[in-house]
Amino acid sequence: PLDFLVITDVNTPNIPGVEVTAYPNPFASSIEFEAKGVSCKTLTINVFDINGRLVRQEKAPGNQLRLLRNDLPAGMYAFQLDADGRLIHTGKIIVR
């Protein structure tokens, strides 16, 4: 299992026809992710702190996922979004 990641760039994988939205960003209590243009059984998000440590992993069936803030401190985080184990999007989220 991946529990540490060094992020040197946050370019989104170029997968034709795949569009990912994350809203609201910044967020206070929860953020919604939606993947369009790809059908999947399971959407997985890995959230990393600024030091590259995995701080959260969530899974949801289908193409939508809600990430609850819970105990995440305010700050910026990097994320990876996978559809059935295939990386479809990377980016940054901000917790208020």
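Asp71 counts as exposed in this predicted model, with a relative accessibility of 65%, and its side chain takes part in a salt bridge with Arg56, where the closest N and O atoms are 3.3 Å apart. Arg56, by contrast, is buried, since its relative accessible area of 10% falls under the 20% cut-off. The protein around this pair is built from seven strands and zero helices, and the points below take up its salt bridges, its sheet, its surface and its overall make-up.

**Salt bridges**

- Side chains of opposite charge can pair when their charged atoms come close.
- The structure holds three salt bridges, and the one between Asp71 and Arg56 links distant parts of the chain, with Asp71 in the loop between β5 and β6 (75-83) and Arg56 in strand β4 (residues 54-61), 15 residues apart.
- Another salt bridge joins the side chains of Glu32 and Arg66, with a distance of 2.5 Å from N to O, and this pair also links distant parts of the chain, given that Glu32 belongs to strand β2 and Arg66 to strand β5, 34 residues apart.
- Within that pair, Glu32 is buried, with a relative accessible area of 18%, whereas Arg66 is exposed, with a relative accessible area of 51%, which is over the 50% cut-off.
- Arg53 and Asp49 also meet through their side chains in a salt bridge, at 3.2 Å from N to O.
- Of these two residues, Arg53 counts as partly exposed at 43% relative accessibility, while Asp49 is buried, with a relative accessible area of 13%.

**The open sheet**

- Three strands form an open sheet in the order β1-β2-β5, and their pairing is antiparallel.
- The strands β1 (19-23) and β5 (64-68) stand at the edges of this sheet, and because each has a single partner strand, one side of each is left without a neighbour in the sheet.
- From one strand to the next, the twist in this sheet averages 15 degrees.
- Strand β1 is joined by five bridges to strand β2 (residues 30-36), and the two run antiparallel.
- One position in this pairing can be followed residue by residue, for Tyr23 has Glu32 in β2 as its bridge partner, and the side chain of Glu32 is also the one that meets Arg66 in a salt bridge.

**The surface**

- The accessible surface of the protein comes to about 5,700 Å², and carbon and sulfur atoms account for 50% of that area.
- Ile50, Met76 and Ile94 make a nonpolar surface patch of about 300 Å².
- Met76, a member of this patch, is found in strand β6 and counts as partly exposed at 41% relative accessibility.

**Overall make-up**

- Read along the sequence, the strands follow one another in the pattern β-β-β-β-β-β-β.
- The protein has 96 residues, and buried residues make up 41% of them.
- Among the contacts in the protein with a separation of 6 or more, 52% are between residues that lie 24 or more positions apart.

Definitions and conventions: Residues numbered from 1 in each chain as written. Predicted model: local features only at pLDDT ≥ 70, side-chain atom pairs only at ≥ 80, totals over all residues. Heavy atoms only, no water. Helix = DSSP H or I, 4+ residues; strand = E, 2+ residues; numbered from the N terminus. Buried < 20%, exposed > 50% of the residue type's maximum accessible area, 1.4 Å probe, protein only. Contact = heavy atoms within 4.5 Å. Areas by Shrake-Rupley, 256 points an atom, 1.4 Å probe, with all protein chains shown as cover. Pairing = 2+ DSSP bridges. Axes fitted to C-alpha atoms, helices over the stretch in contact; angles between N-to-C directions. Salt bridge = Lys/Arg side-chain N within 4 Å of Asp/Glu carboxyl O. Patch = residues over 30% accessible without salt bridge, like charges linked within 9 Å, V, L, I, M, F, W, Y side chains within 5 Å.
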